[in-house]
Amino acid sequence: MSAFLNFNSKLPEVKTTIFTVVGKMANEYKAINLAQGFPDFSPDAKLLGLYKKALNGNYNQYAPMTGAQQLREVIVEKIEKTYGKKYEVDKEVTVTAGATQAIYTAITAFVSKGEEVIVLKPAYDCYEPAIELAGGVPVLIQLKGKEFKIDWEEFRDKITSKTRMVIINTPHNPSGQILTETDILALQDILRDTHIILLSDEVYEHIVFDDEVHQSASRFEDLSTRSIICSSFGKTFHVTGWKVGYCVGPSDLMHEFNKIHQFNVFCVNHPAQIALAEYLQKEEHYLNLNDFYQKKRDYFLNAISGSRFKFTPSRGSYFQLLDYSDITDERDVALNERFIKYYKLASIPMSVFNINERDDKLLRFCFAKTEETLDKAAEILNKI
């Protein structure tokens, strides 16, 4: 630090995200990277072709602040067909620079100093820093058991006069679990007579397995009136580097959301929006993802079926937890580091997402990979 500068960190307790730490280590030791959630295979050539077409068209300047009109229109159509909820194109949809920006913007727009936000742990690590930067107070609830269930009585008890927002994530990263209709109805009932806003992180909405149904907050009439829902085209179409997502919500909430959005990023990659608008017009491009990723999940689990790891098949997302409690008593962070250095295989330790870094002897693996990559990883896991 310069001797002439004196400042206090706004996030004194926040360390470098685990994804950067593990990614750097995986690169250093040339390890197979099943840690960070990005595919190692190419997107659909049709989508790439549409992007090139847009680049050669007149779409290389600023897009409208809330997103290209044709993309917002097709988002509204998709949600209505999939979940039965009709949003207003011009008032209730905003295209964002990925879901993380959408989540940060939503928290910044509504959470004030001293207000509380309920966060269910384990949780993706962008929620709490955004709450703290807004001056809010994260109120943490640990999910229960191997199925990561919500104790709804505990949840109800955590609500106070200071509760401004609740954040949910389904399908859930990092556990691979999903919220059921019973869960969402319980949430709706608890929030019904409050002024609490729901922030619903649904970036894996089209990756749900075994004929289960994604329970979007937009499906539920009362809940949707208080919900900002975030999704990600990067996750859906294997283009995480494009950083394009979207938010939907009732017009009064989105009006406030856009006040922050316009001074945060203003607008998002224009040619990507045009490409996505055309690509989304064919429903099979997103409706077939469940089968696509279930095959990858099943391929990975079948490949490690002879290993000493225990597991319950993921119900959604493209992550799988492996229980190593029959193998060693090491803490998950130390074990993952050892796996990277000596076995050349990287995953994410689950304790970093838990309250007080509770260690349940679980590692998170991303199976959004080619069969060749999964085979190499399975060969290592089967030898441990």
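Visitor: Which exposed residues does the face of α13 turned away from its buried side carry?
Guide: This is a predicted model, in which local features need pLDDT of at least 70 and side-chain atom pairs count only at pLDDT 80 or more, while totals for chains, interfaces and linings use all residues. Residues are numbered from 1 along each chain as its sequence is written, and side-chain values use heavy atoms, with hydrogens and water left out. Buried means under 20% relative accessible area, exposed over 50%, and partly exposed in between, with a 1.4 Å probe and protein chains only. On the face of α13 turned away from its buried side, the exposed residues are D291, K295 and N302.

Visitor: How wide an arc around the axis do the buried residues of α13 cover?
Guide: Helices (H or I, at least four residues) and strands (E, at least two) are DSSP runs, numbered from the N terminus. The buried residues of α13 are L289, Y293, Q294, K296, R297, F300 and L301. Taking the arc as that of the directions from the helix axis to the C-beta atoms, these residues lie on the same side of α13, because they cover an arc of only 160 degrees.

Visitor: Which residue in α13 forms an aromatic pair with F41?
Guide: Rings of Phe, Tyr and Trp (its six-membered ring) pair if their centres lie within 6.5 Å, and planes under 30 degrees apart count as stacked, over 60 as edge-to-face and the rest as tilted. A search of the whole structure finds 18 aromatic pairs, among them an edge-to-face one that F41 forms at 5.7 Å centre to centre, with 70 degrees between the planes. F41 lies in the loop between β1 (32-33) and α2 (45-55), and its partner, 251 residues apart from it, is in helix α13 (residues 289-303): the partner is F292.

Visitor: Is F292 buried or partly exposed, and why?
Guide: F41, the other member of the pair, counts as buried because its relative accessibility is 17%. F292 has a relative accessibility of 32%, and therefore counts as partly exposed.

Visitor: Why is the pair of W152 and F155 edge-to-face?
Guide: Both residues lie in helix α6 (residues 152-158), three residues apart, which is about one turn of the helix. W152 counts as buried at 16% relative accessibility, and F155 is buried with a relative accessible area of 0%. The ring centres are 5.1 Å apart, and the pair is edge-to-face because the planes stand at 65 degrees.

Visitor: Which residue lies over the face of F38?
Guide: A charge sits over a ring if NZ of Lys or CZ of Arg is within 6 Å of the ring centre and within 35 degrees of the ring normal. K85 lies over the face of Y87, at 5.4 Å from the ring centre. Over the face of F38, at 4.3 Å from the ring centre, lies K369.
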